[in-house]
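Biologist: Could you walk me through this model, one question at a time?

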Amino acid sequence: MVVSAKSEWGLFRAAAIACAVAGAALAVFGVVDVGSEVATRAVADGSFVVFSTFAALACFRAARLAVVRRRLPWWLLGGAATCYAVGNAIWFYYQVLSPDTQTFPGPADVFFVLVVPFAVGAMLTLPSRPLSPAARARAVSDGLIVGAALLFLSWILVVGPLFGQLGEVSRTYLTVYSYYPLTDIVVISIASGLAVRATGRERLPMLLVAAGFVAIACADTGISYLALQGKDAAGSGLDLGWTFGYMLLGLAALTPAWNESVDDRVDPRALVREVLPYVPVGIILLVTAFEPGRLSDKVLVGILAAVLVLLVIRHMLTLADNIRLTGGLEDLVRERTHELEQLTHRHKSILDGAGDGIVGLDRSGQVTFANPAAAALLGRSGDELVGSSFHEITRPRGTDANLVPVDLDPIAAAMSEGQARVVADGTFHRSASADFPVELTISPVGGDRVTGAVVMFRDVTERRAVDRMKDEFVSVVSHELRTPLTSLRGALGLLQGGLLRDVEPKAQRMVHIAVDSTDRLIRLINDILDVERIAAGKLSLHREMLPAGDLLDRAVGEMRGLAAQNHVRVERGVADGTVDADADRLVQTVANLLSNAIKFSPSGGTVLVSAVERGNDVLFSVSDEGVGIPADHHEAVFGRFAQLDGSDTREQQGSGLGLAICRGIVEQHGGRIWVSGDSVPGTTICFTLPKGERAAVAPSYDDPSVATVLVCEDDADTRAVIGELLAAHGYRVVGAASGEEALALAAENPPDAVLMDLTLPGIDGWATVGALRSLDLTRHVPVLIVSGTDPGRAPVDVEAWLTKPLDLSGLLSAVGAAVADGAARPRVLVVEDDPALAQVLAALFAKHGVKAVHASTATGALRLSRDLAPDLLLLDLLLPDSDGFALVDWFREDPRLCRVPLVVYSALELDDAEKARLRLGPSEFFTKTRTNPEDVERQVMELLDTMIVGAVR
Amino acid sequence: MTRRVLVVDDDDAIREVAQMALELVAGWKVELAASGEEALEISAADPPDAVLLDVMMPSMDGPAVFARLQADPRTHGVPVVLLTAKVQPAERRRWDGLGVAGVLTKPFDPLRLAEDVAQLLGWEE
């Protein structure tokens with residue numbers, strides 16, 4: 001029950017005012033000696049009864065209102081107040097109504113004696129913070145110490161001398177009349193001890209209670225004092241002490257109940273509280289020190305001894321408390337450590353049991369941990385992995401099957417961007433075994449300041465195989481399906497065309513249906529093939545710069561027939577911008593959108609198509625005036641086989657895949673396609689494509705006149721600086737961080753020049769140069785040494801020696817000279833799977849300073865020829881992965897390579913037809929059994945000479 | 001003078017439909033060959049005005065036949081149009097450099113076949 005703040009204190013205030021008024025009245029009454037002695041006594045004793053009853057009632061009320069837990073202290077206090085009330089009533093009876101029969105001690109005293117246990121009990125249970133038994137004991141001992149000290153002092157000052165004077169007084173008399181003040185001292189001590197400990201709203205009631213007992217104690221002590229001196233105290237001002245005491249107890253009970261949670265913060269006064277008991281002790285000791293004679297009094301000695309014992313007890317209680325706390329803490333720590341160990345163990349089990357390889361890398365790409373699966377996949381032990389460079393161990397390759405240089409490693413990129421990445425088509429190297437295809441997930445860790453990454457990877461050999469099988473299946477099946485469809489379509493078309501004998505109308509109708517269905521089937525097969533390829537990400541795009549206007553015109557042209565058929569007008573609006581895209585696919589997309597728009601337009605309606613430049617994109621839109629697409633279908637229409645509802649499909653006859661294919665094509669170009677929300681009624685579909693602006697900065701791979709420089713330098717910053725400088729001057733730069741990496745990269749794609757730092761981890765610069773010289777492929781590549789020292793020994797010839805710190809313009813001119821040198825040397829691509837023969841040929845060519853680049857497979861030859869436009873192709877026809885014909889076909893397809901002189905050196909005897917198929921530039925054909933290598937060499941040189949003289953590179 | 005076209009395809013039905021289509025629509029005289037070898041024999045004996053050549057055939061494929069035709073002086077200048085069920089642009093571009101007059105896709109619309117062929121060959125029909 002929520003009581004408003006005002007009413008909470010209202011009762012208290014009212015009672016306080018009433019008590020104050022009454023008290024003042026009584027005081028006045030006491031001072032002004034009005035009426036007889038009996039009247040005075042009656043008023044005084046009556047006020048005792050009234051106010052002690054008031055206190056009892058207030059306490060019982062508080063007990064009823066309080067939360068269950070807090071009821072006890074009020075019951076107890078109420079009990080104490082009731083004893084006072086009953087005792088006072090009896091006292092009143094005897095004093096006022098039957099004064100002659102009063103005895104001492106009398107029945108009233110019984111009740112007064114009973115007050116003490118109730119009061120002490122109330123004190124001990126009053127604090128709302130549940131005191132631990134230790135704290136409770138301490139509170140009691142503190143109270144006792146203070147009480148004993150007060151007793152000591154009062155004995156010295158008052159009671160002792162008094163007792164000395166009263167030799168003949170009865171023992172009972174003495175006991176009873178000293179009982180009250182002594183017990184009062186105890187109660188006050190405890191109350192004050194607790195009052196000091198109280199915090200917040202607890203404080204007021206506790207202080208009132210303590211004050212109440214102090215008042216009562218004063219009255220008791222005063223009465224005892226007077227009684228021992230033989231005086232009667234009734235009617236004296238001491239009466240007020242009791243009255244006020246009862247009033248204060250009642251007011252304490254009337255303070256609004258505190259139900260709020262106790263403030264558990266450390267009480268700043270805790271220190272004061274701990275020190276407080278020592279103050280009276282200190283006083284005692286001081287007094288003893290100054291008046292050592294007192295010690296002869298046995299009582300005083302007894303009290304002093306008691307105080308000392310209490311102090312010791314208190315100290316031991318504190319000690320016990322501390323030990324308990326410490327023990328508790330240690331247990332807690334033990335428990336937490338155990339929990340932590342369990343957690344770590346569980347995590348380790350998870351990592352150990354994982355089927356995927358999981359490695360942790362630090363910022364520089366070194367492995368910090370690797371789970372057993374990772375070690376197994378990479379063919380190394382866990383210890384080998386930790387601490388090594390992940391890039392070096394895995395030798396990752398990209399989709400083009402080339403080694404990925406460390407600067408372009410997606411792991412490094414992910415860490416520097418702080419963004420997670422998935423690489424779906426990578427290749428890793430298994431130690432002492434082959435490469436295997438991987439899918440990896442890179443997760444940088446560390447939040448804003450990336451401290452490393454966790455890389456999860458798995459072997460996807462099987463999945464790749466399955467994907468390949470699926471692709472082949474789809475391709476073969478779609479091809480197989482087309483063959484019977486061809487005759488079906490053909491026969492039906494002829495029937496429908498009316499070129500054969502006229503068919504009667506009903507049969508004509510049937511044929512019409514058959515033709516339409518066949519057309520639908522054909523479209524469906526095409527679409528399925530497209531969708532599968534898009535889903536596999538294998539849509540091959542042949543990109544070129546296309547003006548948007550041309551695209552739109554072609555698409556509109558294709559749709560002219562359909563538009564006329566549906567009586568719909570197609571309007572081409574503004575067409576700005578140029579995109580870098582596959583023409584056929586884009587026209588297919590726009591035509592598809594137009595076809596939908598036409599089909600869904602009302603007869604006589606207009607379809608609008610346009611293209612505008614918008615920021616970095618070109619925005620295409622196709623709008624119709626048809627029924628529109630409800631907002632909740634805007635996403636769903638791009639899904640496979642999504643038709644709005646079945647009702648209009650017969651009219652529309654779509655395959656349901658058109659928009660899905662459009663989305664696939666647009667997204668693969670890096671654009672977005674969506675249903676625009678603002679054309680109502682009707683539908684507008686928009687898509688964006690990035691503008692076709694080729695970055696003019698980096699030289700493209702395809703340009704054969706661009707020279708490649710391999711920079712082998714282990715310091716990443718130096719490598720970056722040199723690389724940027726060379727790239728800015730039009731070179732293509734490949735970076736390597738170690739000799740081994742440089743060798744691997746150079747063996748794949750021989751560069752036009754190599755910049756070699758001498759100090760490298762692993763094999764040093766000299767050893768690397770030596771290795772380069774020993775490979776045919778790289779023998780003639782000019783090497784420029786970069787070193788911190790001046791030229792010392794030079795076991796192999798180098799183009800130039802550059803000292804650190806590098807003079808950048810000197811570097812540029814040296815590289816330029818080296819490349820120019822190399823460029824003058826003709827390059828022959830030798831495609832021969834017999835390594836012995838290949839070596840022989842290479843050596844023969846090397847004699848003439850001709851760079852022989854060797855590939856033993858057709859795929860390898862393709863890769864090499866992409867980056868390194870050869871001046872002549874020496875081709876064996878029987879290759880492991882293909883016949884030479886396919887390779888020649890590929891070459892013919894490339895504008896750079898279609899005029900390359902071709903020398904076929906094969907075991908096959910070729911007839912004219914085959915020779916015709918192998919045409920590139922000027923061609924010569926030799927059979928291995930008939931012609932020896934030296935003759936081939938001669939012919940090749942002749943060809944090269946004629947070519948160089950009249951060459952256009 | 002009536003144009004003479006040689007249609008080469010290993011599938012009987014397709015041969016027949018193609019013949020029908022070209023004869024009925026354009027009025028050309030159509031000869032048939034079921035294989036590359038047969039086609040070469042026929043053309044060598046009496047070179048046609050054009051050859052409609054299927055790509056996927058068992059023993060000798062379209063391009064091979066074309067190469068042979070080009071190699072033989074008698075049939076050297078005969079224009080060839082390839083016919084294929086393969087639709088992937090990458091594969092089709094392989095034949096661009098061959099020197100054929102064009103490539104048509106299967107399935108075709110029989111009523112438009114003659115027009116498409118004529119367009120590729122530059123015939124005005």
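Modeller: Gladly; this is a predicted model, and here are some questions and answers about it.

Biologist: Which residue of β20(A) stands opposite V904(A) in β23(A)?

Modeller: Let's start with the strand itself. β20(A) spans residues 872-875, and 3 bridges join β20(A) to β23(A), in parallel. On the β18(A) side, the pairing with β20(A) is also parallel, over 4 bridges, and there V831(A) has L875(A) as its bridge partner. Opposite V904(A) in β23(A) stands L875(A).

Biologist: Are the two faces of β20(A) covered or uncovered?

Modeller: Take one side at a time: L872(A) and L874(A) are buried there. On the other side, L873(A) and L875(A) are buried as well, so both faces of β20(A) are covered.

Biologist: Is D54(B) buried or exposed?

Modeller: That is a nice one to ask, as an unreviewed UniProt entry annotates D54(B) as "modified residue: 4-aspartylphosphate". D54(B) belongs to strand β3 of chain B and touches residues including D9(B), D10(B) and L83(B). Because 28 other C-beta atoms lie within 10 Å of D54(B), and 20 or more is the cut-off, D54(B) is buried.

Biologist: Which element gives the most residues to the largest nonpolar core?

Modeller: That core has 75 residues, and A55(A) is one of those that touch the most other members. A55(A) touches, among others, A81(A), Y246(A) and A253(A). Elements giving two or more residues to the core include α2, α3 and α11 of chain A. The one that gives the most, with 12 residues, is α7(A).

Methods
Residues numbered from 1 in each chain as written. Chains lettered and ligands numbered in written order. Predicted model: local features only at pLDDT ≥ 70, side-chain atom pairs only at ≥ 80, totals over all residues. Buried ≥ 20, exposed ≤ 12 C-beta atoms within 10 Å, placed from the backbone. Pairing = 2+ DSSP bridges. UniProt positions renumbered as here; feature names shortened; annotations may be inferred. Contact = placed C-beta atoms within 7 Å. Core = buried A, V, L, I, M, F, W, Y, C linked by C-beta atoms within 7 Å. Lists of a residue's contacts leave out its neighbours within four places in sequence.
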